[in-house]
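Got your viewer open? Let's take a short walk through this model, one selection at a time.

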Amino acid sequence: MRRKLAAGNWKMNGLRADLATLHTLAERHSAAQVDILLCPPATLIGACTDLPFAIGGQDCHPNTSGAHTGDISAAMLADAGASHVITGHSERRADHGETDATVAAKSQAAYDAGLQAVICIGETLNERETGKTLSVIDQQLAGSIPDSSSAANTIIAYEPVWAIGTGKVPTLDQIGEVHAHIRARLTARFSDGDDMRILYGGSVKGSNAADIFGVADVDGALVGGASLKADDFSPIISALEASA
Ligand SMILES: O=C(CO)COP(=O)(O)O
């Protein structure tokens, strides 16, 4: 049985004053029947460790240490109190030229430091409109997920690039098609592939969460904008609990 997961990705947002949001969420959801993961900017990880949620980084370097100014290793995230790290987010693939091989190396670094990786994949609008969605997903799954992945160390996030921050959401049938495809690939490749969680991400809101969580093989959400405010994230967590 896969436990449902509500994950928030704060991206490059959040100052110490915004931690109040997380304390409000903690008051409302400390006894949640689902897992909750928050990925604040790295500067806030240390200030989040007293919260009743899992805490994650948003990126890590593939190497364990060294001359990489401005980068953060997986071991540093773990040392600061994180248990998870997002790898291969489309914003990093686009802004920093990360390839599938980079994402696989970062995910392996996460495992080596004892972190779970939330590995992101998803097609662009052009790829969807030209009928390439499933082949892009196949390529990303094959290239971004290390052979050492398991349900214990890996969560997959399907985030169509065109749905991120746009208010556009695939139809439920489109989400279902991609999640079923990912599930089939995971079970074919990994002995515990049926236990790996697959999150949907891209313009998830309180108003569409229940419908999305009703789709087969959607084990939760990776939420950007709507995770920044307690009043926006809270209904998503509640919808996930109701679907569990
Ligand atoms: O990129 C996302 C989460 O990683 C999704 O962002 P939005 O929820 O803001 O669309």
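Where is P62 found? Select it and you'll land in the loop between β3 (54-57) and α3 (74-80); helices (H or I, at least four residues) and strands (E, at least two) are DSSP runs, numbered from the N terminus. P62 is buried, because 20 other C-beta atoms sit within 10 Å. The rule is that 20 or more other C-beta atoms within 10 Å of a residue's own make it buried, 12 or fewer make it exposed, and anything in between is partly exposed, with C-beta atoms placed from the backbone.

Before moving on, some housekeeping. Residues are numbered from 1 along each chain as its sequence is written. You're looking at a predicted model: local features need pLDDT of at least 70, side-chain atom pairs count only at pLDDT 80 or more, and totals for chains, interfaces and linings use all residues. The chain averages a pLDDT (the predictor's confidence in each residue, from 0 to 100) of 97, and 100% of the residues score at least 70.

Stay with P62 and add T102, A105, K106 and A109: P62 touches these, not counting residues up to four places away in sequence. Contact here means C-beta atoms, placed from the backbone, within 7 Å. Now add A104, which is 42 residues from P62 in sequence but 8.7 Å away in space, C-alpha to C-alpha.

Next, select helix α1 (residues 19-29). Which of its residues are buried? They are T21, L22, L25 and H29. These cover an arc of only 95 degrees around the axis (taken from the directions from the helix axis to the C-beta atoms), which puts them on the same side of α1. Turn to the other side of α1 and you'll find A20, H23 and E27 exposed. The buried residues of α1 pack against β2 (35-39), α2 (45-48) and α10 (230-243).

Follow that to β2. Four of its five residues are buried, so β2 is largely enclosed by the rest of the structure. Strand β1 (residues 5-9) pairs with β2 in the parallel sense over five bridges; DSSP must find at least two bridges for strands to pair. Click A7, and opposite it in β2 is L37.

Last stop: the ligand. How many residues surround it? There are 14, and the closest are N9, I164, G201, G224 and G225; a residue is near if its C-beta atom, placed from the backbone, lies within 6 Å.

Methods: Contact = placed C-beta atoms within 7 Å.
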